[in-house]
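User: Please examine one part of this model closely: the largest pocket and the ligand. What lines the pocket, and what surrounds the ligand?

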Amino acid sequence: MGAVERTLVLLKPDAVARGLSGRILQRFEEAGLKVVGTKMVRMDADLARKHYFDLEERFGKSVFDVTATFMQSGPVIALVLEGVEAVANVRRLVGSTFPNLSAPGTIRGDFAHTSKAYTEAKHTVAANLIHASGNVEEAKYEVDLWFDGAELFEYPSAAERFLF
Ligand code: ADP
């Protein structure tokens, strides 16, 4: 069995505004991931900068700017999910960055279809419903950034003896 990990998931403003939060959360719960933290947050510029600290370096200023603006355009639901190799497993369920390239059966593949759905100042962003930590190191940084220790919970899950 692999290591039990925690990972950060954000239901982005498009997921919340489209009323898909429950259905998306259900996907994770059905796969056996355990919710150990959750809250609704309006991202501000400071949190956007800390969360997407490397986006400008990776893709350029316009991608950072439009993504940060999109993420502040409405509330997001932040989740910490726990499970065996949760970081990679959640990414597998989410699909690839651009929904039009995500396989059917993934969350992005099933609930979105376009690569560029949100336009701001002529730039477009992947309105792709979800953020999920990219690797274990990123997950640790992001869980600490979004949640205080007291906001994370330990409790027995009924499914654990089958799934963990
Ligand atoms: P992922 O969310 O799949 O891990 P990245 O970490 O590479 O993707 O990028 C973070 C977010 O920035 C993406 O989810 C998307 O909203 C936005 N983004 C990344 N690359 C682009 C791009 N080339 N054009 C528009 N938006 C982008």
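**The largest pocket and its ligand**

Analyst: In this predicted model, the lining of the largest pocket draws at least two residues from each of helix H4 (55-59), helix H5 (61-71), helix H6 (86-94), strand E5 (123-125), strand E6 (130-132) and helix H8 (136-146). The volume of this largest pocket is about 620 Å³. Its lining comprises 30 residues, and those closest to the centre are Tyr52, Leu55, Arg58, Phe59 and Thr97. By residue class, the lining of the largest pocket consists of 13 nonpolar, nine polar and eight charged residues.

The ligand occupies this space: the largest pocket is where the ligand sits. Among the elements, H4, H5 and E5 give two or more residues to the shell around the ligand. The greatest contribution to that shell comes from H4, which gives three residues. H4, H5 and E5 also appear among the elements that each supply at least two residues of the pocket lining.

In total, 15 residues surround the ligand, and the closest of them are Lys12, Arg58, Arg91, Thr97 and Asn128. Arg58 and Thr97 are also listed among the residues closest to the centre of the largest pocket. The shell around the ligand divides into seven nonpolar, four polar and four charged residues.

Three side chains can be described at the level of atom pairs. In the side chain of Thr97, an N or O atom lies 2.6 Å from an oxygen atom of the ligand. For Arg91, the corresponding distance between a side-chain N or O atom and an oxygen atom of the ligand is 2.8 Å. For the side chain of Asn128, an N or O atom is 2.9 Å from an oxygen atom of the ligand. Taken alone, the ligand exposes 530 Å², of which the protein buries 88%.

To draw these points together, the ligand takes up the space of the largest pocket, with H4 giving the most residues to its shell and with side-chain N or O atoms of Thr97, Arg91 and Asn128 placed at the stated distances from ligand oxygen atoms.

Notes
Residues numbered from 1 in each chain as written. Predicted model: local features only at pLDDT ≥ 70, side-chain atom pairs only at ≥ 80, totals over all residues. Heavy atoms only, no water. 1 Å grid on protein atoms, 1.4 Å probe; cavity = no way out; pocket = protein on both sides within 12 Å on 5 of 7 lines; lining within 4 Å. Points joined across faces, edges and corners; volume = space filled by probe spheres on them. Helix = DSSP H or I, 4+ residues; strand = E, 2+ residues; numbered from the N terminus. Nonpolar A, V, L, I, M, F, W, Y, C, P; charged D, E, K, R; others polar. Near = heavy atom within 4 Å. Polar contact = N/O pair within 3.5 Å; in protein donor to acceptor, adjacent residues only side chain to side chain. Areas by Shrake-Rupley, 256 points an atom, 1.4 Å probe, with all protein chains shown as cover. Sits in = over half its atoms within 2 Å of the grid points.
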